[in-house]
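Here are some notes for a colleague who is meeting this structure for the first time. Please keep the model open while reading, and check each point against it.

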Amino acid sequence: MSIWWSLHLRREAASVPLARRLLIGTMETAGVDPDISYDLSVALSEACANAVEHGGDTGRGPGSEAYRVTAYLDGEKCRIEVADAGPGFPGSSAGRSRPQIRPAHSDAEHGRGLCLIEELADHVHIGNKPGRGGAVVSFDKVLKWREDAPLMTV
């Protein structure tokens with residue numbers, strides 16, 4: 001069975017826990033192992049926080065005041081994508097290499113989100129949207145299921 005959903009959210013701090021709760025609720029209902037759900041929810045929170053903080057440009061109009069979260073639970077994998085309408089990642093453009101991610105110092109309060117996403121997910125793609133601009137962070141993880149999972153693949 002497949003489940004997918006997409007949210008169009010305002011770039012406000014309150015949108016981050018909303019997206020996280022929806023993901024956790026979906027995975028709990030489907031019967032995904034709680035440890036996997038937690039890892040993906042932390043990664044989603046980091047991607048959403050980046051979109052809220054960096055994903056807009058007032059010169060681009062009202063569309064830059066929102067971002068999109070899409071999640072797919074399909075078979076044995078969950079894929080999540082967070083896309084914004086901001087300036088995108090510096091040094092990366094459509095068709096060019098991925099932006100360089102530098103590990104933050106252990107006591108840093110900012111700059112650790114992309115590194116956390118890479119640690120928590122199995123595959124990560126970070127880049128800029130072609131055409132209109134904006135950043136896209138997508139990641140996936142192989143799912144583990146609870147024994148009593150109602151939607152577990154057979």
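**Notes on the fold and on selected residues**

1. Within helix α3, the residues that count as buried are G113, L114, C115, I117 and L120. What lies over these buried residues includes helix α2 together with strands β4 (123–128) and β5. The reader should bear in mind from the outset that this is a predicted model.

2. As for the overall layout, the chain holds three helices and five strands, and, read from the N terminus, these elements follow one another in the order β-α-α-β-β-α-β-β. Of the 154 residues in the chain, 42% are buried. Among contacts with a separation of 6 or more, 65% join residues that are 24 or more positions apart. The accessible surface of the chain amounts to about 8800 Å², and carbon and sulfur atoms account for 52% of that surface.

3. How do α2 and α3 pack against each other? Helix α2 (residues 34–54) and helix α3 (residues 113–120) have axes 9 Å apart, and the angle between them is about 155°. Since angles over 145 degrees count as roughly antiparallel, α2 is therefore roughly antiparallel to α3. The crossing of this pair is left-handed. On the α2 side the contact is formed by D39, V42, A43, E46, A47 and N50, and on the α3 side by G113, L114, L116, I117 and L120. Of these α3 residues, G113, L114, I117 and L120 also appear among the buried residues of the helix.

4. Helix α2 also packs with helix α1 (residues 15–30): the two axes come within 9 Å and cross at roughly 155°, so that α1 is roughly antiparallel to α2. The crossing of α1 and α2 is right-handed, whereas that of α2 and α3 is left-handed. From α1, the residues making the contact are S15, V16, A19, R20, L23, I24 and M27, while α2 contributes S37, Y38, L40, S41, V42, L44, S45, C48, A49 and V52. V42 of α2 is thus listed in the contact with α1 and again in the contact with α3. A general remark may help in reading such lists: an α-helix has 3.6 residues a turn, so residues three or four places apart point the same way.

5. Is K141, a residue of strand β5 (residues 135–142), buried or exposed? K141 is buried, because its relative accessible area is 10% and the cut-off for burial is under 20%. The side chain of K141 reaches the backbone oxygen of L120 at 2.8 Å, and L120 is itself one of the buried residues of α3. Apart from neighbours within four places in sequence, K141 is in contact with I36, D39, L40, E76, K77, C78, L120 and D122.

6. S138 lies in strand β5 as well, and, with a relative accessibility of 2%, S138 counts as buried. The side chains of S138 and R79 are joined by a polar contact of 3.2 Å. Once neighbours within four places in sequence are set aside, the residues in contact with S138 are R79, I80, E81, H123, V124 and H125.

7. A83 belongs to strand β3 (residues 77–84) and counts as buried at 3% relative accessibility. Although A83 and A51 are 32 residues apart along the chain, their C-alpha atoms are separated by 7.3 Å. Leaving out neighbours within four places in sequence, A83 is in contact with Y67, R68, K129, A135 and V136.

8. Y72 is placed in strand β2 (residues 66–74) and, at 37% relative accessibility, counts as partly exposed. In sequence Y72 and W4 are 68 residues apart, yet in space the distance is 4.3 Å from C-alpha to C-alpha. W4 is also one of the residues in contact with Y72, the others being I3, K77, C78 and R79 when neighbours within four places in sequence are left aside.

9. Finally, where in the chain is P87 found? P87 sits in the loop between β3 and α3, and its relative accessible area of 55% makes P87 exposed. The C-alpha atoms of P87 and G133 are separated by 6.3 Å, although the two residues are 46 residues apart along the chain.

Technical notes: Residues numbered from 1 in each chain as written. Predicted model: local features only at pLDDT ≥ 70, side-chain atom pairs only at ≥ 80, totals over all residues. Heavy atoms only, no water. Buried < 20%, exposed > 50% of the residue type's maximum accessible area, 1.4 Å probe, protein only. Polar contact = N/O pair within 3.5 Å; in protein donor to acceptor, adjacent residues only side chain to side chain. Contact = heavy atoms within 4.5 Å. Helix = DSSP H or I, 4+ residues; strand = E, 2+ residues; numbered from the N terminus. Areas by Shrake-Rupley, 256 points an atom, 1.4 Å probe, with all protein chains shown as cover. Axes fitted to C-alpha atoms, helices over the stretch in contact; angles between N-to-C directions. Parallel < 35°, antiparallel > 145°, perpendicular 65-115°, else oblique. Left-handed = near helix turned anticlockwise from the far one by under 90°.
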